[in-house]
Amino acid sequence: MMSKKTKYALKALTALARVYPQGKLTIQAIADQERIPKKFLEQILLELKRQRLVSSLQGSRGGYYLLKQPDDITLAQVYRIFDGAIALVPCVSVNFYEPCADCSDEKSCHLRRELAWVRDQADGIMSQVTLSNLLQPGDTHWSPVI
């Protein structure tokens, strides 16, 4: 399940995508517009800044802005920043691999094989969804890989 932190990060990034490339938004404006607690949003934006997805300017004309185009920021990227692996078990994770203590032979494990397929499908779909997609009204604009 997606954490609130990831959900709020996506909402904040979508708000910034709406004003891209000219606009900036203050933390207060994003918090009010997206109904995100301000202190929580500050932590989220700092992490997004560390990950080089956003930056900020101080002063009366300051605020946060996207460093990348909305087409270049995916659901998968944001999910991995805050929630880690897309995989359901660590033995199939690409970026956070850990062997299962209860498995004697990964190569013949049917569960691992099927969950790797699930991971690939989820990653493929999540990598197709960009901030630009989140700005579009109506139905999804992509079709699943399945």
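Which residues in helix α2, residues 27–34, are buried? Keep that in mind while I say that what we're looking at is a predicted model.

Okay, the answer: I27, I30, A31 and E34 are the buried ones in α2. Looking down the axis of α2, these buried residues fall within an arc of 100°, so they line one face of the helix. That fits a general pattern: an α-helix has 3.6 residues a turn, so residues three or four places apart point the same way. And what covers that buried set? The cover includes α1, α3 and the strand β2, residues 63–66. Just past the end of α2 there's R35, with a positive phi of about 60°.

Now, two of those covering elements also meet each other. Helix α1 is residues 4–18 and helix α3 is residues 38–50; their axes come within 10 Å and cross at roughly 75°. That makes α1 roughly perpendicular to α3. On the α1 side, the contact involves K4, K5, Y8, A9, A12 and L13, and these meet F40, L41, Q43, I44, L45 and L48 from α3. Sort them by class and you get 9 nonpolar, 1 polar and 2 charged residues.

Last stop, S93. You'll find S93 in the loop between α4, residues 75–83, and α5, residues 110–128. Is S93 buried or exposed? S93 counts as buried, because its relative accessibility is 8%, and the cut-off for buried is under 20%. A polar atom of the S93 side chain sits 2.8 Å from the backbone nitrogen of F96. If we skip neighbours within four places in sequence, S93 is in contact with A85, A87 and R119.

Key:
Residues are numbered from 1 along each chain as its sequence is written. This is a predicted model: local features need pLDDT of at least 70, side-chain atom pairs count only at pLDDT 80 or more; totals for chains, interfaces and linings use all residues. Side-chain values use heavy atoms; hydrogens and water are left out. Axes are lines fitted to C-alpha atoms, for helices over the stretch in contact, and angles run from 0 to 180 degrees between N-to-C directions. Helices (H or I, at least four residues) and strands (E, at least two) are DSSP runs, numbered from the N terminus. Angles under 35 degrees count as roughly parallel, over 145 as roughly antiparallel, 65 to 115 as roughly perpendicular and the rest as oblique. Contact means heavy atoms within 4.5 Å. Ala, Val, Leu, Ile, Met, Phe, Trp, Tyr, Cys and Pro count as nonpolar, Asp, Glu, Lys and Arg as charged, and the others, Gly among them, as polar. Buried means under 20% relative accessible area, exposed over 50%, partly exposed in between (1.4 Å probe, protein chains only). A polar contact is a pair of N or O atoms within 3.5 Å; within protein, one must be able to donate a hydrogen and the other to accept it, and residues adjacent in sequence count only if both atoms are side-chain atoms. The arc is that of the directions from the helix axis to the C-beta atoms.
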